[in-house]
Amino acid sequence: MPQKGVGKNLSQLYHKGFKITIFRVDFGSKIGLGHLKRSLVYAKNFDDVIYVSKSNEQALVPYPLKTIKNEEEFFEIVKKLNPKQVIVDNYEFTIEHQKQFKKLFGNIKLSCFDDEYKEYFCDEIINHNLGVKKEKYKNPKIVKIIPPLIRDEFRQTKKKKYKKEGIFISLGGSDSKNLTLKILKLLQNKKINLYITTANQNIKKIKRYAKIHKNIRLYINEDVAYGMAKSECGIITPSVISYEALYMNLPFIAIKTADNQKEIAKYLKKKRIKVFNDKGYKKISRFIP
């Protein structure tokens, strides 16, 4: 359901003078759901939120969602709604797009999430990664460091006690490197709590495999917090989910599957947590009890 103050007719918001915050976030089977999930936690800090995305999966977004084909359409929405702030969690919104935005909308605050110490042309850079250093940015004065964005379900689940059994596996909403099946085959004799989403392009193959192998319990679009709470250890990516695992005190091994996981991977290695690249996934079997 849309959050407070936000109806279905977006044009009404503009005429009523609402202080709208627009989140520009893409998500889906190719790029996963990580940016969406963390932005949804941050969005709770604002009263009247609208999402703009190239995805049309409204069921995944508890706010009004406007679907676009390109940034020109996005700029038209910004012009129409005149928001107080635009928050971007999307690496495809390049520095050239940012410059164009500020040229068109100089009075609107532009904030950009970052994980890689990239250069931006915006009013505020938001980083929620552990171990982040402001001085590594070209303009540290505009950097806002916030605590890791932990969803409410983790805070609620952590208060409860569960019997721990099996290995929690979740390799991102889309599993872009197609590692899930490969890892399942490595761990044929282990009890597995497997969490995937409908964004996974190999969902049919995974469902067939899980049906045949009784050691696998498959959960699709279900509560990851509960999965962590009832598992003995985990195999995940060095992304937002690793902060959630740390919060839940779940021992885990991480497999790096994307460039934007580099900084988190460095942090985990400093904490003596095993991190492998996607080609070294076979090594994990040595460290799984």
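Me: What makes E4 and strand E5 (residues 109–113) count as paired?

Reply: Two strands pair if DSSP finds at least two bridges between them. E4 and E5 are joined by 4 bridges and run parallel, so the pairing criterion is met. One of the bridge partners is Ser111 in E5, for Ile87. The strand labels refer to DSSP runs numbered from the N terminus (helices: H or I, at least four residues; strands: E, at least two). This is a predicted model, in which local features need pLDDT of at least 70 and side-chain atom pairs count only at pLDDT 80 or more, while totals for chains, interfaces and linings use all residues. Residues are numbered from 1 along each chain as its sequence is written, and side-chain values use heavy atoms, with hydrogens and water left out.

Me: How do you know that strand E1 (residues 20–25) pairs with E4?

Reply: By the bridge count: E1 and E4 share 5 bridges in the parallel sense. Arg24, for instance, has Val88 in E4 as its bridge partner.

Me: Why is Asp89 called buried?

Reply: Buried means under 20% relative accessible area, exposed over 50%, and partly exposed in between (1.4 Å probe, protein chains only). Asp89 has a relative accessible area of 1%, so Asp89 is buried. Asp89 belongs to strand E4, and 5 of the 5 residues in E4 (residues 85–89) are buried. Gln85, Ile87 and Asp89 point one way from the strand, and Val86 and Val88 the other way.

Me: What makes the link between the side chains of Asp89 and His35 a polar contact?

Reply: A polar contact is a pair of N or O atoms within 3.5 Å; within protein, one must be able to donate a hydrogen and the other to accept it, and residues adjacent in sequence count only if both atoms are side-chain atoms. The contact between the side chains of Asp89 and His35 is 2.5 Å. A further polar contact, of 2.7 Å, joins the side chains of Asp89 and Arg38.

Me: What is the largest nonpolar core, and which residues have the most contacts inside it?

Reply: A nonpolar core is a set of buried Ala, Val, Leu, Ile, Met, Phe, Trp, Tyr and Cys residues joined through side-chain atoms within 4.5 Å. The largest has 26 residues, and those with the most contacts inside it include Ile22, Phe74, Val78 and Val86. Helix H3 gives the most to this core, with 5 residues.

Me: Which residues is Val78 in contact with, leaving aside neighbours within four places in sequence?

Reply: Contact means heavy atoms within 4.5 Å. On that basis Val78 is in contact with Ile22, Pro83, Val86, Phe101, Phe105 and Ile108.
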